[in-house]
Amino acid sequence: MNAPAALNPLLDFSGLPRFSELKPEHVAPAIDQLLAEGRATVSAVANASPTWQAFVAPLEDVNERIGRAWGQVSHLHAVMDSPQLREAYNANLPKITEYWTALGQNEALFAGYKKLRASAEFEALSAPRRKIVENALRDFRLGGAELPADKKPRFAEVQAELARLGAKFSENLLDATNAFSIVVDESRTRGIPADVLEAAREAAQKDAKAGWKFTLHAPSYVPVMQYAEDRALRETLYRESATRASELGKPEWDNTPLIARIVRLRRELAQLLGFRNYAEYSLVPKMARSPAEVLEFLDDLARRARPFAEKDVAELREFARTLGLDSLQSWDVAYVSEKLRLARYAFSDQEVKQYFPEDAVLAGLFRVAQALYGVGIAPAAAPLWHPDVRFFEIRDAAGALVGQFYLDLYARDTKRGGAWMDDAITRRRTASGIQAPVAYLNCNFSRPVGGKPALFTHDEVLTLFHEFGHGLHHLLTRIEDLGVSGITGVEWDAVELPSQFMENFCWEWDVLRPMTRRVDTGEPLPRALFERMVAAKNFQSGLAMLRQIEFALFDMRLHFDFDPQAGASALDLLREVRERVAVLFPPEYNRFPNSFSHIFGGGYAAGYYSYKWAEVLSADAYSAFEEGGNVLDPKTGARFREEILAVGGSRPAAESFRAFRGREPAVDALLRHNGMGTAA
Ligand code: ZN
């Protein structure tokens, strides 16, 4: 009954994906067959003896095949979409989701993992395998598998209601965002950039109106707040944005009761599982050990950033007065900041771009990996999904294959936006030896035009280094078991360490200069321009950091020591947090919680801190290279690879960090990199 792999490329796991042959009609038959094999394996191992070989290994094998096949489909859906492929993707996604959900709730599997954990074999397993078993047990428990029968229905009810409320929160926010627009005449458009005006004019025309139409969506809202000289226009948009989905607008879009209900249900969910609050539950699979540790971390950072934020605000107020604004209002902040930034550090992205042709940037990026880890990177052949895509191999000093990656740099209208790294194949030991890992690196840069190489802005160079850092994390692993190999199983609040780490090299003169070449004259980046870029990067970094800390503190306390039954609202809590840390205060009508979809509509509840957390880790790891005086030191590079990159998710990230740095993470390096160092 099995279709021969030769006929369906999605069923061929002998090597690299066969992208050039893959067709939408291959998807359903392959997925149906693989899911049937998955279900058969699940029932077979449920009765097997609970050993690694008889129980875990067959599950890993079959699930890897499902993951690899579906990974190719969702990758193509993201980078090379077509109506037929989208249809195949949407038709098969529910089957895949259902399979993984059923797996996570399978009581026979949970029992099998428990037996394996209790068996004599467990202690004899390798550390990565023990971690895989522990992770499986943890995930079953967090999913409610251990609840007594009389509590399970309520647990499922709470989960379902939370999912509904989260979706409704986002819908309300979107509806409220869409509901507002303003059409203005030319006299009110002064200062707004031409491309934004063009879009605003087209938007008005679409509504058969004369003039320029502005909305609360970021591509319209942000430039108005930054550039519009019409202060009343800025105030109107600010007020509308800051009161979205609140009791100050349409009652049916008011998120206030949803917030109260979500916070209460999350607490109930956590308490059903035996935790005191949702923050404790949320932190179990993360690197941070306790809500108290996170709060202390944020408080410390706030204390140290505060003097710099105060200075930022004082400068803003002073500069505002030179623009004729005697009081600095919330709707003036972005506007005055942009004017001040221009006055101080004026340089254009277009100018910087001339110095970063693609070939020089890629060569510079590969040189960093080569210097740090002693690996060579060279182009190689592989089936590709588009002629623009390139494929590379990483080999060690002895010439052995370490890993491979696809590089898909340019924007296309069949590709989704943003930049991201994904795993195609994960390193593991199989019956026939080591299976080398493979990664997809995807960006949305401009393609080459006019016979010149593609030119990148410095931001794009940072993005490329960032994604390549994720790629190296996946490709330089030495782990031989799927569940904790490469990026698999790495804690959520530590996963950005290797990527943000790589960004640091783009701010290093000695690394950056050799990867620049002015496209028309061949000269390298001038030092003076580089210095201005660095200064612009640190502009208002104190203010920006305090704002992120304010959101993170609000999120953590809301899910930790805030009692939803005690009468105070989430807004009251936010005001209390602001009293403690903020240096700028919004107007009384501001309803920020009602549009904080990261934590109410997305997956960041009691996790918003992780942005800053991972930045501290990456900056502190990088400072080990700075301390040695040579940021490309191969000895430190080798240690970074062994202790951080190679171990994947096989041990706690906190342990890996300590092993590399010889101590706990410290915030000093991050502050210093943001121009907030303390004078020693
Ligand atoms: Zn990232």
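In what order do the five strands of the open sheet stand? The views below belong to a predicted model, in which local features need pLDDT of at least 70, side-chain atom pairs count only at pLDDT 80 or more, and totals for chains, interfaces and linings use all residues. Residues are numbered from 1 along each chain as its sequence is written, and side-chain values use heavy atoms, with hydrogens and water left out.

**View 1. The open sheet has the strand order S3-S4-S5-S9-S6 with mixed pairing.** Strands are DSSP runs (E, at least two residues), numbered from the N terminus, and two of them pair if DSSP finds at least two bridges between them. S3 (376-379) and S6 (420-425) form the edges; each has a single partner strand, so one side of each lacks a neighbour in the sheet. S4 (residues 390-395) and S5 (residues 401-410) are antiparallel, joined by six bridges, and Arg390 faces Leu407 of S5.

**View 2. The zinc ion is coordinated by His466 (NE2), His470 (NE2) and Glu496 (OE), the last listed twice, at 2.1 to 2.7 Å.** Donors are N, O and S atoms within 2.8 Å of the metal (3.2 Å for Na, K and Ca); water is not among the atoms, so sites may look incomplete. Along the chain, the donors follow the spacing H-x3-H-x25-E. His466 is buried (under 20% relative accessible area, 1.4 Å probe, protein chains only) at 14% relative accessibility, and His470 is buried at 10%.

**View 3. Strand S2 (residues 212-215) is covered on both faces.** Trp212 and Phe214 are buried on one side, Lys213 and Thr215 on the other. Four bridges link S2 to the antiparallel strand S1 (residues 181-184), where Ser181 has Thr215 as its bridge partner.

How values were computed: Buried means under 20% relative accessible area, exposed over 50%, partly exposed in between (1.4 Å probe, protein chains only).
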